[in-house]
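This report covers a predicted model. It takes the sheet first, then the helices that pack on it.

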Amino acid sequence: MKLELTHTYACSTDELLRYFSEPELIEEKYEALGCHKVRIPQHLKQDDVLTLATKREVASNVPAVLKRLLGSQNLVKQEEQWQLGQGPAYRCSMSVELVGVPIKITGSMVFEPTDTGCVNRVEMQMKSALPFIGNKLTRFVHDEIERMANAEWHYLQTQLTTEPA
């Protein structure tokens with residue numbers, strides 16, 4: 001199942017990138033979104049590539065049919081690789097693991113400048129190999145990722161300046 005989102009911002013791509021690449025801003029962002037035990041076990045910049053890994057605990061409102069698979073709290077491990085050499089456009093490829101949940105999540109983000117700021121184009125792909133319940137699981141994860149991405153966009157709207165840098 002695929003998820004595509006486009007979020008617009010009234011700031012430069014460089015300013016937006018700070019909230020996806022600076023450890024203290026990443027931690028603040030995830031905590032503001034209700035995540036717990038936010039950690040950044042890897043933050044490595046080599047040449048024009050930033051490799052980033054985050055871990056966080058996320059509470060979710062799991063439907064009864066999925067409660068046994070998901071529980072009410074999940075450990076999320078996310079790995080990102082940012083291509084920084086193409087500024088002012090930036091590209092990120094990512095993989096997300098919900099520890100203990102049989103679903104594969106991959107995706108990308110692209111930051112591009114616009115006349116009034118910038119845009120973040122998000123694509124996520126979710127796939128479960130489970131028979132029968134896999135479709136329900138994938139739909140739930142899709143909806144949760146969409147909810148969290150939109151909450152992140154709303155949070156960033158309050159943090160970023162209204163004028164492009």
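## The sheet

Seven strands make up an open sheet, with antiparallel pairing. The strand order is β1-β7-β6-β5-β4-β3-β2. At the edges lie β1 (2-9) and β2, each of which pairs on one side only. On average, neighbouring strands of this sheet are turned by 15° against each other, direction ignored.

One pairing in detail: β6 (residues 104-114) and β7 (residues 117-127) run antiparallel and share 11 bridges. Within this region, E112 has V119 of β7 as its bridge partner.

## Helices on the sheet

Helix α2 packs on the sheet, where it touches β2, β3 and β4. The direction of α2 makes about 150° with that of β2.

Helix α4 lies across another set of strands: β1, β3, β5 (90-98), β6 and β7. Relative to β1, α4 runs at about 5°. Strand β3 appears in the contacts of α2 and is also crossed by α4.

## The buried face of α2

Which residues of α2 (residues 23-32) are buried? They are L25, I26, K29 and Y30. Seen down the axis of α2, these buried residues fall within an arc of 130°, so they line one face of the helix.

The cover over the buried residues of α2 comes from helices and strands alike. It includes α1 (13-21) and α4 (133-159). It also includes the strands β2 (36-46), β3 (49-59) and β4 (73-83).

## Leaving α2

Just after α2 comes G34, which takes a positive phi of about 95°.

Definitions and conventions:
Residues numbered from 1 in each chain as written. Predicted model: local features only at pLDDT ≥ 70, side-chain atom pairs only at ≥ 80, totals over all residues. Heavy atoms only, no water. Buried < 20%, exposed > 50% of the residue type's maximum accessible area, 1.4 Å probe, protein only. Helix = DSSP H or I, 4+ residues; strand = E, 2+ residues; numbered from the N terminus. Arc of directions from axis to C-beta. Contact = heavy atoms within 4.5 Å. Pairing = 2+ DSSP bridges. Axes fitted to C-alpha atoms, helices over the stretch in contact; angles between N-to-C directions.
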